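I've opened a fresh page for this one. My plan is to look at the ligand and its surroundings, then at how the protein is divided up.

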Amino acid sequence: MNPAGPPDVLPYDALLVLSFGGPEKPDDVVPFLENVTRGRGIPRERLAQVGEHYFLFGGKSPINDQNRALIAALEKDFAEHGIDLPIYFGNRNWDPYLADTLAEMTADGVERAAVFTTSAYSSWSSCRQYRENLADAVAETPGAPVLDRLRQYYNHPGFIEPAVDAVLSSLATLPGGGDSARLVFVTHSIPTEMNDTSGSEDPAGQPRPAYVTQHRSAVEEVARRVREATGRVHRHDLVYCSRSGAPSTPWLEPDVNDHLEELATDGVDQVVMVPIGFVSDHMEVIYDLDTEAMATASRLGIQAVRAATAGVDERFVAMVRELVLERAAAERGESPVRPALGSMMAGPDRCGVGCCPNPKGPRPALCGMDS
Ligand SMILES: CC1=C(CCC(=O)O)c2cc3nc(cc4[nH]c(cc5[nH]c(cc1n2)c(C)c5CCC(=O)O)c(CCC(=O)O)c4C)C(CCC(=O)O)=C3C
Ligand SMILES: [Fe+2]
């Protein structure tokens, strides 16, 4: 660090925000779904259903606007901290496509960029697939910059602390301050096989199965802090939404709707749904939770509220800056502090060997110990 001047971002000359992408208008929905599911064997009925979720919201996903808002907040935060680093935006499945963004970065003379993905946990879908996307984009872009994907942040204080406050705010909106509320933490389901292989056997990587283990760590830490703040013990669970794939393939369970049925049978009458698997209000949050699971809760006579996602909470925005500075220091050979809350240590800067394998077989991926 340089106490006299602005923080040292060298060796980076740009930040790339890498996300999933989503449709902007009704005509985008089918081509978007084709992009997402190319070669993935998702049943037609499931695709039609998911298309309906988008049409219910005018054919527009919230995700691109959320990412643009995050980038605007980051630009402001960087400026306030004297950091002069341009921020680029690229997606896996929709415009602005990663390959186009990388071409633009190359044309602008960017030589080495830090990459922030809008996905906090390890698994093929949430981590390695983005690393494969980076490898593909670099392969088709002569002179592309060097790209360093920032570490997983599910246990970073900038992710955990906003989640704690979101739960506390939600509890406060329930009758009796939510004193009997169950905390239902929700994340995206994935195939159980993808969970089993998430993380790596490399001792320098994330211990397997990383996806559920990391979620449990985040959930326990948030629940512990809520307990400290309220002085009450709220029972809590980790459940799943947005199951896809063939019905014969096992995915992580229970589904949030089935779980609510179970809770109602046990006499639970207040629930805070906490979308711990999502960094902002994606379609999964506004449809699968706010629309579908809320309807289930209401049918069952459960008073439910949904806690906010990190979104543009200033601590989450500051986290991105801190991760850039942390990684920049590490790449300069320094030993930065690596904040992490809960039972898991800060994850590695580079994914371990064999981390989160692609279920369809190996493909080139950047940002691992072996790439
Ligand atoms: C772990 C995980 C995350 C979290 C990590 C991350 O954020 O990356 C995530 C995020 C997202 N998933 C999204 C959308 C979709 N995911 C699908 C399909 C799938 N997701 C999977 C997993 C995940 N997905 C899996 C294993 C499949 C099966 C197909 C396959 O094996 O690849 C399908 C196809 C239809 C269907 O099958 O449901 C859609 C439309 C959107 C955009 C939302 C918006 O528009 O706001 C976002 C942020
Ligand atoms: Fe997905």
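**Around the ligand**

I started with ligand 1 and listed its neighbours: 28 residues surround it, and those that come nearest are Tyr54, Ser61, Tyr130, Ser244 and Met283. Note to self: this is a predicted model.

Next I sorted that shell by residue type. I got 16 nonpolar residues, nine polar and three charged.

Then I went after the oxygen atoms of the ligand. Ser244 has a side-chain N or O atom 2.3 Å from an oxygen atom of ligand 1. For Arg46, I noted 2.7 Å between a side-chain N or O atom and a ligand oxygen. Arg40 also turned up, with a polar side-chain atom 3.0 Å from an oxygen of ligand 1.

How much of ligand 1 does the protein cover? I looked up the area: on its own the ligand has 860 Å² accessible, and the protein covers 95% of that.

Which elements give two or more residues to the shell? I wrote down helix H1 (26-37), helix H2 (44-56), helix H5 (124-139) and helix H10 (283-299).

**The two domains**

I checked the domain assignment, which gives domain 1 (14-153 + 312-331) and domain 2 (157-306). Their centres, taken over C-alpha atoms, are 24 Å apart. In the contact I found 26 residues from domain 1 and 30 residues from domain 2. The two domains bury about 2,300 Å² between them, and 67% of that is on carbon and sulfur atoms.

Back to the ligand for a last look: each of domain 1 and domain 2 supplies at least three residues to the shell around ligand 1.

Technical notes:
Residues are numbered from 1 along each chain as its sequence is written. Chains are lettered from A and ligands numbered from 1 in the order in which they are written. This is a predicted model: local features need pLDDT of at least 70, side-chain atom pairs count only at pLDDT 80 or more; totals for chains, interfaces and linings use all residues. Side-chain values use heavy atoms; hydrogens and water are left out. A residue is near a molecule or strand if one of its heavy atoms lies within 4 Å of it. A polar contact is a pair of N or O atoms within 3.5 Å; within protein, one must be able to donate a hydrogen and the other to accept it, and residues adjacent in sequence count only if both atoms are side-chain atoms. Accessible areas come from the Shrake-Rupley method with a 1.4 Å probe; for residues, only the protein chains shown count as cover. Helices (H or I, at least four residues) and strands (E, at least two) are DSSP runs, numbered from the N terminus. Ala, Val, Leu, Ile, Met, Phe, Trp, Tyr, Cys and Pro count as nonpolar, Asp, Glu, Lys and Arg as charged, and the others, Gly among them, as polar. Domain bounds come from an automatic or database domain assignment. Contact means heavy atoms within 4.5 Å. Buried area is the accessible area (1.4 Å probe) that two parts lose on being put together, summed over both.
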